[in-house]
Amino acid sequence: MSPYRRRGRGRGAGGRVAGVVLAGWLFADLLLVLALVSMADRPDPLAARPKPSNSADGTKPPKPKPSPTGPRSVERKPEQFEVKGTDKDALVAQIGRSTKKWQGRTAALVLTFGGGQSGTTYAHRVNSLLGEGRPEMFTRKTATDDFHDLSNSPSTAVVRVYFFTAPGG
């Protein structure tokens, strides 16, 4: 017999490790499938709840006012307005006038494009004045971002406002 033995495929130390690894992967895949099946089996948490029945005396209970459910989302299409100038009071007045048509809505995200070389500085200034121009629309939770647009003239900003949608809609 030769001192060099030939090993068959899948046998020996290397073959045993491969078998253990394969078994581990199969076990992990099985757990993943079971997790997906259990998640698919759950009822919808936002689905309608059963309505209460009539009371003992035969009268219907008073109907509660329906309230919207579910999270708010952000509208895909922004509203846009433009402001010009360097005077703080004039900028606040322009913001108030320009956003009057959207009164009662809440801004989720504001992208401001300031004109000229120092456009981001001007955009930051405009964003800092939004809450003064319309505080109920531009709250502390409104996200803002400053950009520059070299095609616009200095001391000019284009403000794009993305509003929240109505709750549940």
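The dialogue below walks through the main features of a predicted model.

Student: Where should I start, and how many helices and strands does the protein have?

Tutor: Start with the inventory of elements, remembering that this model is predicted: the protein has three helices and four strands, and, read along the sequence, these elements follow the pattern α-β-α-β-α-β-β.

Student: In which order do the strands lie in the sheet?

Tutor: The general idea is that strands of a sheet pair through backbone hydrogen bonds, either parallel or antiparallel. Here the four strands form an open sheet in the order E1-E4-E2-E3, with mixed pairing. The strands at the edges are E1, residues 79–84, and E3, residues 143–149, each of which pairs on one side only. From one strand to the next, the twist averages 20°.

Student: Which strands pair with E4, and how many bridges join them?

Tutor: E4, which covers residues 156–163, pairs with E2, residues 107–115, in the antiparallel sense over seven bridges, and one place to look is Leu111, whose bridge partner in E4 is Arg160. E4 is also joined to E1 by six bridges, and these two strands run antiparallel as well; here you can look at Val83, whose bridge partner in E4 is Ala157.

Student: Is E4 mostly covered or mostly open?

Tutor: E4 is mostly covered, since seven of its eight residues are buried. For the protein as a whole, 23% of the 169 residues count as buried, and the accessible surface comes to about 13,100 Å², of which 57% belongs to carbon and sulfur atoms.

Student: What does helix H3 touch, and how is it directed?

Tutor: Helix H3, residues 119–133, packs on the sheet, where it touches E1, E2, E3 and E4, and its direction makes about 150° with that of E3. The buried residues of H3 are Gly119, Tyr122, Ala123, Val126, Asn127, Leu129, Leu130 and Gly133, and they pack against the four strands E1, E2, E3 and E4 and also against helix H2, residues 88–98.

Student: What span should H3 have, and how far apart are its end C-alpha atoms?

Tutor: The reasoning is that, at 1.5 Å a residue, the 15 residues of H3 should span 21 Å; the end C-alpha atoms are 20 Å apart, which agrees with that expectation.

Student: After H3 comes a loop, so to speak; is Arg134 buried or exposed there?

Tutor: Arg134 lies in the loop between H3 and E3, and it counts as buried because its relative accessibility is 10%, while the cut-off for buried is under 20%. Its side chain makes a polar contact with the side chain of Thr99, at 2.8 Å. Leaving aside neighbours within four places in sequence, Arg134 is in contact with Gly96, Thr99, Lys100 and Gln103.

Student: What is the phi value of Ser155, and where is this residue found?

Tutor: Ser155 is found in the loop between E3 and E4, and its phi is near 60°, a positive value in a residue other than glycine. Ser155 is partly exposed because its relative accessible area is 27%, which lies between the cut-offs of 20% and 50%.

Student: How can I read the contacts across the whole chain, and what percentage join residues at least 24 apart?

Tutor: Consider the contacts between residues at least 6 apart in sequence: among these, 82% join residues at least 24 apart. The bridge between Leu111 and Arg160 in E4 is a good place to return to when you look at the model again.

How values were computed
Residues numbered from 1 in each chain as written. Predicted model: local features only at pLDDT ≥ 70, side-chain atom pairs only at ≥ 80, totals over all residues. Heavy atoms only, no water. Pairing = 2+ DSSP bridges. Axes fitted to C-alpha atoms, helices over the stretch in contact; angles between N-to-C directions. Contact = heavy atoms within 4.5 Å. Buried < 20%, exposed > 50% of the residue type's maximum accessible area, 1.4 Å probe, protein only. Polar contact = N/O pair within 3.5 Å; in protein donor to acceptor, adjacent residues only side chain to side chain. Areas by Shrake-Rupley, 256 points an atom, 1.4 Å probe, with all protein chains shown as cover. Expected span 1.5 Å × (residues − 1).
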